[in-house]
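Thanks for sharing this one. Here are a few notes to read alongside the structure, offered in a friendly spirit.

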Amino acid sequence: MKLQDPVTAIRGIGEKTADSLRKLNIETVQDLLSYYPRRYVGYEKPVPISEASDFERVTIQGTVCTEVKTHQGPRYVITTLSVRDASGSVKLVWYNSPYIRNILRKGETFCFVGIVRIKGRERVMEMPEYYSLYKYQDMLSVLQPVYPLTAGVKNHQLKKALQGAAEAIRSLQDELSKEVRERYGLMEHRDAVQSIHFPRDEAELRRALERTAFDEFYHFLLSVKAMREENVTLSSDFRITEEARDALKMLLDRLPYRLTDGQQGALQDILTDMSGGTVMNRLIQGDVGCGKTIVAAAALYVTVRSGRQGALMVPTEVLAMQHFQDISALFSSGDTPIKVALLVSSLSAKEKRAVKEGLKNGTIDLVIGTHALIQEGVLFRKLGLVVTDEQHRFGVRQRDQLAEKGDLPHVLVMSATPIPRSLAIILYADLDISLITELPGGRKKILNCVVGTDYRPTAYKFIAGEVAKGHQAYVICPKVEDDEGTELENVGAYAESLRGIYGDRISVGTLHGRMKEEEKQRVLHDFSSGRIQVLVATTVIEVGINNPNATVMMIENAERFGLAQLHQLRGRVGRGDAQSYCIFIHVKKTEESVNRLKVLEESNDGFHIAAEDLRLRGPGDFFGVRQSGDLMFKVANIYDHAAQLKAAQELVLSGGGS
C-alpha cells in the first residue's frame with residue numbers, strides 16, 4: 001500500500017465510504033494518515049449525580065428507575081428515561097434513537113457519559129454515551145481520539161479506516177536522522193503517526209504531538225528561509241509619490257482622533273519601506289483594539305494615490321464586510337473618489353464577474369475580500385500593495401498566492417494574536433516587524449472578574465442591567481463537541497435557557513460556526529443594529545466583530561480555553577466609550593487553571609498575557625479541548641510547542657536534517 005494510493009486501497013473501504021471521506025478532503029492514504037484528531041477524550045471515574053455541574057461533561061453510574069418512553073417530537077423521535085444513584089436522579093434524552101428501549105431496561109445499572117444541564121430543579125443529560133460496568137472499567141485507561149467531522153461521516157468510520165491503514169503507517173520513512181532525533185528527543189515519524197491516532201497513554205501521545213509539531217515547524221521554517229533569501233534581493237519599481245504623502249496627511253488630519261505613537265511609528269516604517277526600492281515584507285503586530293486597521297488603510301490609501309491598486313484579505317466574510325463599509329466611508333471624504341469593491345464567496349456570479357473585470361481593467365482601485373481573492377480568475381491591472389489581516393488565520397502559501405497576483409507588490413500582514421516577541425521573530429522570520437503596544441485614547445480599561453458557577457444568576461442580572469442602559473452583551477458557550485457535533489445544540493440550549501430567564505424583556509440571538517454565511521450576516525446585522533441585545537455564540541465571534549455598544553463579555557467554562565484566545569474574545573468589548581466588563585465563569589477549578597485565569601483578571605495587556613500563557617501552560621493541554629494554535633498548522637501550537645519551534649529553527653539554521 002502506497003501513500004498516494006486512493007483510500008479504497010485500504011481493506012474494508014468501498015466507494016460509499018470513500019465518497020463520505022471525500023467530504024473531509026480525504027482521498028488518498030496520505031490524506032487519511034495526516035487527518036489528525038482535534039481532541040482526545042479521557043474517561044474518568046463516575047461522580048455522584050448531585051455533584052454534576054451545569055454544562056459539565058461527567059460520567060455517572062446509575063440504575064434505570066423508569067420505563068423507557070419514546071414519542072414523536074416536532075423534529076425528532078425523542079427517547080427518555082431516568083437514572084438514579086444514592087445522591088439523586090438525572091433525566092436522559094436521546095434524539096432519533098428509539099432502539100435505546102431494547103438496550104436499557106428498568107432496574108439495570110450502567111455508566112453514562114455526557115454533558116449535564118440543570119433545568120430548574122431537574123438535571124438533564126442529552127445524547128449520553130452508555131456502557132456496561134465491565135466495559136466502562138476497561139475504558140478508564142484509554143484515550144479516545146475525536147476527529148473533526150461533517151454530515152454523513154462518523155468518528156468510528158475514521159477509526160476503522162485508520163486501523164485498516166496499519167501497513168501504510170509501518171512503511172513510513174523518517175526524514176530526520178537518528179542522530180537528529182536523539183539530539184532533540186524526538187520519536188520516530190511512524191511511531192508518532194501511530195500514537196496520534198491510537199495513543200496507549202498520555203505520555204506517548206504527548207511525545208507524538210511534539211514530534212508532529214516539530215515537523216510542521218521545520219517545514220514551515222524551511223519555506224520561510226527560502227522566502228527570506230529570495231525577498232532580500234527583490235527590487236521594486238513602485239515607490240509612493242510625494243503627492244500621495246500629501247494626500248495621506250490631509251486624510252489623517254480629517255480623522256476625529258490623533259494616531260497613537262505606535263500607530264505613527266508603524267506607518268512611518270511602511271512609508272519608508274515603500275519608498276526604498278525593494279519589496280516590503282512587514283508585519284504589524286498589535287494587541288486587540290490597538291488600531292492596526294487605520295494604519296493598513298493609510299498604507300492602501302497612499303498606494304492608490306500613487307497610481308497602483310491595493311488588496312486587503314481577511315479570514316471571514318463578516319470581517320470583510322465590516323472593513324469594506326469602514327474603509328469606503330473613510331476614503332469617500334477626499335476630493336478624488338477611490339473605487340472600493342468587495343469580493344466574497346456569497347456574492348452572486350454576476351457581482352463577482354463585475355468585480356473581477358474592474359480589477360483587471362483598473363477601474364477598481366481597492367478590493368477587500370476573503371479567500372475569494374486568491375481564486376483563479378482574479379487578476380489585477382497594477383497591484384501595488386497586498387495586506388492580509390489576522391495573519392495567523394492564513395498560511396504562508398495563501399499570503400503568497402495573493403502577492404503573486406501582481407508584479408512584486410509590497411506585502412503588509414497584520415496580527416492581533418499576542419505572541420511573545422522571542423517566538424514572533426522565529427515564526428515571522430521572513431518579515432520585518434512593527435509593534436503597536438498602546439491602545440487609542442479614550443478607551444476605558446475592561447474590568448474583569450473570575451467567578452464560579454454560583455455567580456451565574458448575579459451575572460444574568462448584571463447583563464440585564466447593562467441592557468437596560470441601552471448596551472448589549474455576548475455570552476460565549478463552551479465549545480463542547482462530540483461525534484455528532486453538539487456545538488449547535490449547546491448554543492441553542494443555552495439561548496433557550498436565557499430566553500426563559502429574560503422573557504420578552506430582552507432579545508437573545510445565537511451564532512455558531514455551522515450557520516450559513518447569509519444567516520451569520522443577518523444575525524450580526526441584527527446585533528449591530530440593536531435588535532439582538534444578548535448574543536449567545538461560540539468562538540466564531542473571536543475575530544473581527546466590532547460593536548462599540550457591547551459592554552459585557554461572559555465566557556462559560558473559561559478554563560477550557562488558552563489565555564490568548566480568551567484575550568481575543570474579551571477584545572470584542574471595550575471598543576466604545578462606555579465602561580466594559582468581562583466575566584469568566586470557572587467550572588472546574590484546579591490550581592493551574594486558577595493561576596492562569598488570575599492573569600486575565602489582573603491584566604488587559606495581550607503581550608504580558610501571552611508571555612504568562614507560555615510560562616504557565618507548560619507542555620499544554622491535549623486531553624480535553626486542545627487549545628487552537630496558528631491555523632496554518634494542524635498540530636503545532638506556538639505556546640504548547642515553543643521548545644519544538646526553537647529546536648526546528650536551530651536545525652534549519654544549522655542546515656542539517658538527515
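The points below cover a helix pair, some aromatic contacts and two charges over rings.

1. A word on the source before the details: this is a predicted model, so please read each point with that in mind.

2. Have a look at helix α19 (residues 563–570) and helix α20 (residues 591–602), which pack at an angle of about 35° with their axes 11 Å apart. The crossing of these two helices, α19 and α20, is right-handed.

3. On the α19 side, the contact is made by L563, L566, H567 and R570, which meet R596, L597, V599 and L600 of α20. By type, the residues of this contact split into five nonpolar, one polar and two charged.

4. Aromatic pairs number 13 in the structure. One of them joins F55 and Y494 in a stacked arrangement, with 5.2 Å from centre to centre and 25° between the planes. This pair ties together distant parts of the chain: F55 sits in the loop between β1 (39–42) and β2 (56–64), Y494 belongs to helix α17 (residues 487–502), and 439 residues separate them.

5. Are the two partners buried or exposed? F55 counts as buried because its relative accessibility is 2%, under the 20% cut-off. Y494 is buried too, with a relative accessibility of 2%.

6. Y43, Y131 and Y136 together make up one aromatic cluster. Y43 also has a charged neighbour, since R57 lies over its face at 5.4 Å from the ring centre.

7. A further charge of this kind is K634, which lies over the face of Y36, 5.9 Å from the ring centre.

Technical notes:
Residues are numbered from 1 along each chain as its sequence is written. This is a predicted model: local features need pLDDT of at least 70, side-chain atom pairs count only at pLDDT 80 or more; totals for chains, interfaces and linings use all residues. Side-chain values use heavy atoms; hydrogens and water are left out. Axes are lines fitted to C-alpha atoms, for helices over the stretch in contact, and angles run from 0 to 180 degrees between N-to-C directions. Helices (H or I, at least four residues) and strands (E, at least two) are DSSP runs, numbered from the N terminus. A crossing is left-handed if the near helix is turned anticlockwise from the far one by less than a right angle, and right-handed if clockwise. Contact means heavy atoms within 4.5 Å. Ala, Val, Leu, Ile, Met, Phe, Trp, Tyr, Cys and Pro count as nonpolar, Asp, Glu, Lys and Arg as charged, and the others, Gly among them, as polar. Rings of Phe, Tyr and Trp (its six-membered ring) pair if their centres lie within 6.5 Å; planes under 30 degrees apart count as stacked, over 60 as edge-to-face and the rest as tilted. Buried means under 20% relative accessible area, exposed over 50%, partly exposed in between (1.4 Å probe, protein chains only). A charge sits over a ring if NZ of Lys or CZ of Arg is within 6 Å of the ring centre and within 35 degrees of the ring normal.
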